[in-house]
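Student: I would like to take a close look at a single part of this protein, and I would be glad if you could walk me through it slowly. Please connect each detail to the next one as you go.

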Amino acid sequence: MYPNDEKQIVVIGASNLDINLTTKNTISKFESNPSNITLSPGGVARNIAENIAKLGNKCHLVSVFSDDIFGEFLKNDCKKKSISFLNSIFVEGENSSSYISINNEKGEMEYGFNNTEILKNLNISNLKKIHDLFLSCSAIVIDTNIPTKAFQFIIKSYKNIPIFVDTVSIYKAKKVIPFLKDIFFLKPNYSEAMILTGYDANAKVPSKILAKKLNKMGVNKVFISNGARSSYYSDSDVLKEYIPPKVKVKNVSGAGDSLIAGFVHGYINNLDWDYTNKLAMSLSGLNLKSDDCVNQSINVKNLTSFIEDNNFE
């Protein structure tokens, strides 16, 4: 469970300003709904990097930061939380990446909106400048917000390094399909897994079937999340169902990001995959209990206690 001081992780993708809106009652259209509204640093890659860093691992965030007020806020937050971001790309005069989540009274997202145009700067030319950083790492984590050509470049250039991929959304997951055989670990949700495996969106296919099909398509290890319902982990030897711990949900934004962070932590620290599944789901559970995308109380000690307090069998 303890961090490996010799290994480092590169996480590449989005850093956003997140605006999370959670209504106090059932959402009424065409009305002003009483709500709790929070602003916080977010973005899939940034959230993953913060979770990994909070567990004591060496992690480099590769993202794009603007010089606008949101960009300065995000950079200052990275400094405050000891998230290494100096290998990122810094631009002037562009809008920072941003995300709005509209959640119902249960904390479940009903609508999401994003502007990630700034990520076009994560291009091949800029990525080549940090070639040595990629070569020195023990794992690469990619979120599919990055441009398709950049995704392809990383997958093909560093296929000898374990690559973890967060599919992010149904639309963005599609860019993963040509490269499934080069992915070490893939974390789609159920809907994204349906798209990746070629099933009609209206079909009802069990998660365990989807997981095994993704293995057959070339993915080494797969974890299909399904909200509060059963999730499935699958590799060439194992297919196992995991039921998430029950928690009082405050905010679902960032829960999936912490899942993949947990798997990276387990891999880097040579933990067995059964325990790593429980660790990842526990890390996600801790984040669900927070108003922020990343629960600020997360550390190895608190995570270990949460795992011990929850029965995953």
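Tutor: Let us begin with one residue in this predicted model, histidine 265, which has a relative accessibility of 0% and therefore counts as buried, since the cut-off for that word is under 20%. Histidine 265 belongs to helix α9, which runs over residues 255-268. Its side chain makes a polar contact with the side chain of asparagine 57, at 2.8 Å. In sequence, histidine 265 and asparagine 57 are 208 residues apart, yet in space their C-alpha atoms are 7.5 Å apart. This pair can be set beside a figure for the whole protein: among contacts between residues at least 6 apart in sequence, 64% join residues at least 24 apart.

From here we can follow the chain onward to helix α10, which covers residues 273-288. At the N-terminal end of α10 sits a cap, aspartate 272, with a side-chain oxygen 3.0 Å from the backbone nitrogen of aspartate 274. The helix itself has 16 residues and reaches 22 Å from its first C-alpha to its last, which is close to the 22 Å expected at 1.5 Å a residue. Of those 16 residues, 14 are buried, so α10 is largely enclosed by the rest of the structure.

One partner of α10 is helix α11, residues 300-309, whose buried residues are Val300, Leu303, Phe306 and Ile307. Around the axis these four cover an arc of only 125°, and therefore they lie on the same side of α11. The buried residues of α11 pack against α10, while on the other side of α11 the residues Lys301, Glu308 and Asp309 are exposed. This helix also has a cap at its N-terminal end, where a side-chain oxygen of asparagine 299 lies 3.2 Å from the backbone nitrogen of lysine 301.

Finally, it helps to place these helices in the whole protein, which has 11 helices and 14 strands. Buried residues make up 54% of its 313 residues, and the surface that the protein exposes comes to about 14300 Å², of which carbon and sulfur atoms supply 51%. Its C-alpha atoms fill a box of roughly 50 × 45 × 40 Å along the principal axes. The radius of gyration is 18 Å, which agrees with the value near 20 Å that a compact globule of 313 residues would have.

Conventions. Residues are numbered from 1 along each chain as its sequence is written. This is a predicted model: local features need pLDDT of at least 70, side-chain atom pairs count only at pLDDT 80 or more; totals for chains, interfaces and linings use all residues. Side-chain values use heavy atoms; hydrogens and water are left out. Helices (H or I, at least four residues) and strands (E, at least two) are DSSP runs, numbered from the N terminus. The expected span of a helix is 1.5 Å times one less than its number of residues. Buried means under 20% relative accessible area, exposed over 50%, partly exposed in between (1.4 Å probe, protein chains only). A polar contact is a pair of N or O atoms within 3.5 Å; within protein, one must be able to donate a hydrogen and the other to accept it, and residues adjacent in sequence count only if both atoms are side-chain atoms. The arc is that of the directions from the helix axis to the C-beta atoms. Contact means heavy atoms within 4.5 Å. The radius of gyration is taken over C-alpha atoms; the globule rule is 2.2 Å times the number of residues to the power 0.38. Accessible areas come from the Shrake-Rupley method with a 1.4 Å probe; for residues, only the protein chains shown count as cover.
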